[in-house]
Amino acid sequence: MEKEKQGKIDSHTGLYGVFGDPIRHSRSPLMLNQAFQEAGINGVYTAFHVTSEQLKDAVAGIRALGLRGVNVTIPHKVDVMQYLDEIHEGAQFIGAVNTIVNDKDRLIGYNTDGIGYVRSLKEETGIELRGAKLLIIGAGGAARGIAYALAKEAPASITIVNRTKDKAEQLAAHLGPLVSARGMGMDELENSIGSVDLVVNTTSIGMHPNVDELPIPASILTAGMTASDIIYNPLTTRFLAEAKDRGCLIHGGLGMFVYQGAYAFEYWTGTAAPIAIMRETVLQSL
Ligand code: ATR
């Protein structure tokens with residue numbers, strides 16, 4: 001029997017959305033509205049074009065209008081923190097918020113990017129992270145969230161490699177209390193990396209339209225490793241294609257996007273996210 005679907009907007013409809021600049025490219029509204037409908041939740045999710053100058057007022061608007069939940073994207077993930085009542089431990093460590101929960105007028109900031117990534121990685125590859133040796137390419141905002149969430153899985157070590165070596169070392173030092181971590185420059189990678197179980201690209205290298213670019217030399221990739229990319233346009237980057245050719249298990253970036261939204265949905269509604277339909281909705285929009 002077909003499940004009853006909530007489709008009506010009425011005076012009880014809960015409001016959700018995403019703040020960003022630019023924002024019209026966002027696939028979150030498609031994905032989250034489909035999730036509300038599938039789960040039978042009376043909610044609507046829309047995209048708000050909020051500039052940096054407007055951010056403070058936009059957050060005041062969450063309170064004034066009673067928005068139930070908001071995602072925050074580029075360029076507001078750091079700046080928004082000062083306007084919230086509480087920052088969850090993970091978001092504090094990462095230094096960025098992508099999800100706001102309005103809990104009876106208390107605005108709480110979370111970061112679901114890294115945990116979304118790890119949930120996607122585990123569910124899609126079955127990888128055992130406990131005791132594993134991990135290599136992260138990049139040391140920017142995305143790398144921070146992913147490194148934090150991976151560190152929570154008790155790996156043996158995390159190596160960060162980055163074009164700007166200083167940033168890799170800073171991130172490794174920040175992770176120090178959680179995990180054995182070291183940072184290195186690209187030039188050191190081939191000689192000192194040894195064997196790793198997982199290599200993840202957190203940079204934009206290889207993203208459309210620069211689809212021929214590789215974030216690391218392909219020689220690093222050897223059979224049995226898992227290679228993971230947070231890029232989902234294209235779905236299979238050159239990095240993943242080269243990894244597959246060399247006998248690695250590959251994991252693309254679509255799942256990270258789906259699961260960061262799934263966690264937000266679950267924090268807001270207390271209901272398990274309809275993952276499969278969310279993924280299908282985004283895939284169809286690509
Ligand atoms: P994000 O929030 O997406 O992580 P970011 O904080 O600007 O964005 O970080 C981008 C990361 O990709 C950085 O690690 C950056 O390296 P630098 O720290 O040296 O800038 C890396 N990156 C981006 N483009 C790159 C390129 N063409 N070559 C090498 N690294 C690149």
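In this predicted model, helix α4 covers residues 113-125, a run of 13 residues. From its first C-alpha to its last, α4 reaches 18 Å, close to the 18 Å expected at 1.5 Å a residue. Several residues of α4 are buried, and they include both ends of the helix: D113, G114, G116, Y117, V118, R119, S120, L121 and T125. The cover over these buried residues comes from several elements, among them the helices α5 (141-151), α9 (254-269) and α10 (275-285). Strands take part as well, including β10 (198-201), β11 (226-229) and β12 (249-251). After α4 comes G126, a residue with a positive phi, near 70°.

One residue of α4 deserves a closer look. E124 belongs to this helix, yet E124 does not appear among the buried residues of α4. With a relative accessible area of 34%, E124 is partly exposed, because buried means under 20% and exposed means over 50%. Beyond its neighbours within four places in sequence, E124 is in contact with H251, G255, Y259 and R279. The contact with R279 can be described in detail: the two side chains are joined by a polar contact of 2.6 Å. Along the chain, E124 and R279 are 155 residues apart, while their C-alpha atoms are separated by 12 Å.

The helix α5, one of the elements that cover α4, is itself mostly covered, with eight of its 11 residues buried. These buried residues are A143, G145, I146, A147, Y148, A149, L150 and A151.

The surroundings of the ligand come next. Around the ligand stand G138, A139, G140, G141, A142, N162, R163, T164, K167, T203 and I205. Which atoms of A139, N162 and R163 face oxygen atoms of the ligand? For A139 it is a polar backbone atom, 2.9 Å from an oxygen atom of the ligand. N162 uses its side chain instead, with a polar atom that lies 2.7 Å from a ligand oxygen. In R163, an N or O atom of the side chain is 2.9 Å from an oxygen atom of the ligand. Taken alone, the ligand exposes 650 Å², and the protein buries 62% of that area.

T203, one of the residues around the ligand, is found in the loop between β10 and β11. The side chain of T203 takes part in a polar contact of 2.8 Å with the side chain of N201. The T203 side chain also reaches the backbone nitrogen of I205, at 3.1 Å, and I205 is another of the residues that surround the ligand. Not counting residues up to four places away in sequence, T203 touches I137, G138, P215 and I231.

Another threonine, T237, sits in the loop between β11 and α8 (238-245). Is T237 buried or exposed? Its relative accessibility is 2%, so T237 counts as buried. The side chain of T237 makes a polar contact of 2.7 Å with the side chain of D229. Apart from neighbours within four places in sequence, T237 is in contact with G206, D229 and I231. I231 thus appears in the contacts of T237 and also in those of T203.

Aromatic rings add a further set of contacts. The count of aromatic pairs in the model comes to nine. One of them joins Y110 and Y267, with 4.6 Å from centre to centre and 40° between the planes, a tilted arrangement. Y110 lies in strand β6 (residues 106-110) and Y267 in helix α9, so this pair ties together parts that are 157 residues apart in sequence. The two partners differ in their exposure: Y110 counts as buried at 17% relative accessibility, whereas Y267 counts as partly exposed at 31%.

Y267 has a second aromatic partner in Y263, and this pair is also tilted, because the ring centres are 6.1 Å apart and the planes stand at 45°. Y263 and Y267 are four residues apart in helix α9, so about one helical turn separates them. Y263 is buried, with a relative accessible area of 18%. Elsewhere among the aromatic residues, Y16, F36, Y45, F265 and W268 form one cluster.

Methods. Residues are numbered from 1 along each chain as its sequence is written. This is a predicted model: local features need pLDDT of at least 70, side-chain atom pairs count only at pLDDT 80 or more; totals for chains, interfaces and linings use all residues. Side-chain values use heavy atoms; hydrogens and water are left out. Helices (H or I, at least four residues) and strands (E, at least two) are DSSP runs, numbered from the N terminus. The expected span of a helix is 1.5 Å times one less than its number of residues. Buried means under 20% relative accessible area, exposed over 50%, partly exposed in between (1.4 Å probe, protein chains only). Contact means heavy atoms within 4.5 Å. A residue is near a molecule or strand if one of its heavy atoms lies within 4 Å of it. A polar contact is a pair of N or O atoms within 3.5 Å; within protein, one must be able to donate a hydrogen and the other to accept it, and residues adjacent in sequence count only if both atoms are side-chain atoms. Accessible areas come from the Shrake-Rupley method with a 1.4 Å probe; for residues, only the protein chains shown count as cover. Rings of Phe, Tyr and Trp (its six-membered ring) pair if their centres lie within 6.5 Å; planes under 30 degrees apart count as stacked, over 60 as edge-to-face and the rest as tilted.
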